Amino acid sequence: MAKMPSPSVTVKYTKLFINGEFVDSVSGRTFETFDPRTGDSITSVAEATKEDVDVAVKAARNAFDHGPWPRISGYERGRIMNKYADLVEQHLEELAVLETLDSGKPLAGCQYYEIPEGIKGLRYYAGWADKIHGLTLKMSGPYQGYTLQEPIGVVGQIIPWNAPLLMFFNKISPALACGCTIVIKSAEQTPLTAFYAAQLAKEAGIPPGVLNVLSGFGEIAGAAMSKHMDIDKISFTGSTEVGRLIMEASAKSNLKPVTLELGGKSPLVIMDDADVEEAIKIAHMAVYANMGQVCCAGSRVFVQEGIYDEFVKKAVERAKKQMIGDPFLPGVEHGPQIDKAQFDKILEYIEFGKKEKATLLTGGQIWGDRGFYIEPTIFCDVKDTMKIAQEEIFGPVMSILKFKSIEEVIERGNKTMYGLAAGILTKNIDVANRFSRALRVGVIWINCFLVIDKDCPFGGFKMSGIGRESCIQGLQSYLQVKSVICPLQESPWL
Ligand code: ADP
């Protein structure tokens, strides 16, 4: 294994950020965050429990009920958000190093894609902040009516570890634009960049209490947020299992609306007429991007029988060329999985694949002698009923399935509990259109995959979630409509 580069970064912020200040947790408890390259501890950070959630919600409530953020003009909120984006841009290099250290994601991906996308999100929604308005209603009686689009209130946001800072900005940007106040909890595996981003929010001029950033465990701090009576909405990204718990907690507390962005088992369909070289590139990226830790990964690769053998051979050749190693090294595409639990879970799925008699063509092994690296893995001869074709692995495992006709693949593509995304590679627009209409998923990619844009709604059908993020739909989920009606005096028009 190549010598590990030591990144030159000092972890500056490790405490909870509440009401504009970094503070210890009420209990004084801390927990460690680990380097996925080695499994060694990086540092310890404050651990939020129910009491800290209460303090943070109180600050957010006060900022919402009495503070300036929901009351200033949209223009002013947008101006501050743009300033925030500028500051994140100025600190991008340090943030990228911190993100790679905490998450094991290849550094270039953080520098050139994820953090710039986060910045884009801030600017995109900064642009919306002064364009939020309601309707004038033409009522049937002698009344005047109009609607106000008001911020939903104090929002709780719970994010995962697979794209920590990008998720952070994806969540906070629309909520800030609408004038909401926020309590956001990072994933316990990756608390570091959210704290750094909290400091920059303060420098940008986001008032105290508007953005509160907690670190802590899901079952403790996350659960306390989900059932909190003074949180008006929860937005969550993570597993379907936890999404269900969050919805239950809402049902049993104050019926807060929930936005859930959950798991997937997305089909990528490659028709006989597709360009095979291009298909290999797209399928490789669809499965192995971020070491397979992507909710909308194209982890079921359906290949039509005419090009099946050629595709399988070339997919294996490409997977073997994947540059695996320390995510700080230039050129490395494939770093470690996030932690021991995920690492063990993925290896277990690989064993299931073998036991269920799928053919393991490449990979399936641990890479290196420490940390949580797993080689890019390919199974072919995969059947729809196998565990590796039904369950979300969240790791670098491609399952290749053979099919004959578009009718058949539509039927099989829909046969999971998930409905996040699907892709089709074909030169035939009629086939692509037919597929797009028939798949019960939130996003369809034609001749591309994993194209995610701020101006394009994202979210799932079925057990992949509720609600949409990004675009105007992402904004609307932080607003609620108030109707205002008043009588009209007699007028010549009535
Ligand atoms: P994964 O299985 O990929 O780690 P999770 O859904 O468990 O994904 O975690 C995503 C986020 O949900 C994390 O911030 C985690 O702390 C949080 N979380 C986990 N369990 C709960 C829970 N019971 N209630 C609320 N949040 C939770």
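**Exercise 1. The ligand and its polar partners**

Task: In this predicted model, determine how far an oxygen atom of the ligand is from an N or O atom in the side chain of Glu188, and then decide whether this pair is a polar contact.

Solution.
Step 1. The distance between an oxygen atom of the ligand and an N or O atom in the Glu188 side chain is 2.5 Å.
Step 2. A polar contact requires a pair of N or O atoms within 3.5 Å. The pair at Glu188, at 2.5 Å, therefore qualifies.
Step 3. The side chain of Ser239 also has an N or O atom at 2.7 Å from a ligand oxygen. At Gly218, by contrast, the partner is a polar backbone atom, 3.2 Å from an oxygen of the ligand.
Step 4. The ligand taken alone exposes 560 Å², of which the protein buries 85%.

**Exercise 2. The shell around the ligand**

Task: State how many residues surround the ligand, and identify which element supplies the largest share of the shell.

Solution.
Step 1. The ligand is surrounded by 18 residues, the closest being Ile159, Trp161, Lys185, Glu188 and Ser239.
Step 2. Three elements, α7 (218-226), β10 (233-237) and α8 (240-252), each contribute at least two residues to this shell.
Step 3. The largest share belongs to α7, with five residues.
Step 4. As for the site itself, the ligand takes up the space of the largest pocket.

**Exercise 3. Two residues with positive phi**

Task: For Lys357 and Ser470, decide whether each counts as buried or exposed, and give the location and phi of each residue.

Solution.
Step 1. Lys357 is located in the loop between α11 (340-355) and β14 (359-362). Its phi is near 75 degrees, a positive value in a residue other than glycine.
Step 2. The relative accessibility of Lys357 is 67%, so this residue counts as exposed, the cut-off being over 50%.
Step 3. Ser470 lies in the loop between β21 (465-466) and α15 (471-476). Here phi is near 70 degrees, again positive in a residue that is not glycine.
Step 4. Ser470 counts as buried because its relative accessibility is 14%, and the limit for buried is under 20%.

**Exercise 4. A serine in a loop**

Task: Locate Ser299, decide whether Ser299 is buried or exposed, and list its contacts beyond the sequence neighbours.

Solution.
Step 1. Ser299 belongs to the loop between α9 (276-288) and β13 (300-304).
Step 2. With a relative accessible area of 10%, Ser299 is buried.
Step 3. Apart from neighbours within four places in sequence, Ser299 contacts Lys265, Ser266, Val287, Val397, Met398 and Ser399.

Conventions:
Residues are numbered from 1 along each chain as its sequence is written. This is a predicted model: local features need pLDDT of at least 70, side-chain atom pairs count only at pLDDT 80 or more; totals for chains, interfaces and linings use all residues. Side-chain values use heavy atoms; hydrogens and water are left out. Helices (H or I, at least four residues) and strands (E, at least two) are DSSP runs, numbered from the N terminus. Buried means under 20% relative accessible area, exposed over 50%, partly exposed in between (1.4 Å probe, protein chains only). Contact means heavy atoms within 4.5 Å. A residue is near a molecule or strand if one of its heavy atoms lies within 4 Å of it. A polar contact is a pair of N or O atoms within 3.5 Å; within protein, one must be able to donate a hydrogen and the other to accept it, and residues adjacent in sequence count only if both atoms are side-chain atoms. Accessible areas come from the Shrake-Rupley method with a 1.4 Å probe; for residues, only the protein chains shown count as cover. On a 1 Å grid over the protein atoms alone, a cavity is a set of points where a 1.4 Å probe fits but cannot get out, and a pocket is an open set with protein on both sides within 12 Å along at least five of seven lines; lining residues have an atom within 4 Å of a point. A molecule sits in a cavity or pocket if more than half of its atoms lie within 2 Å of its grid points.
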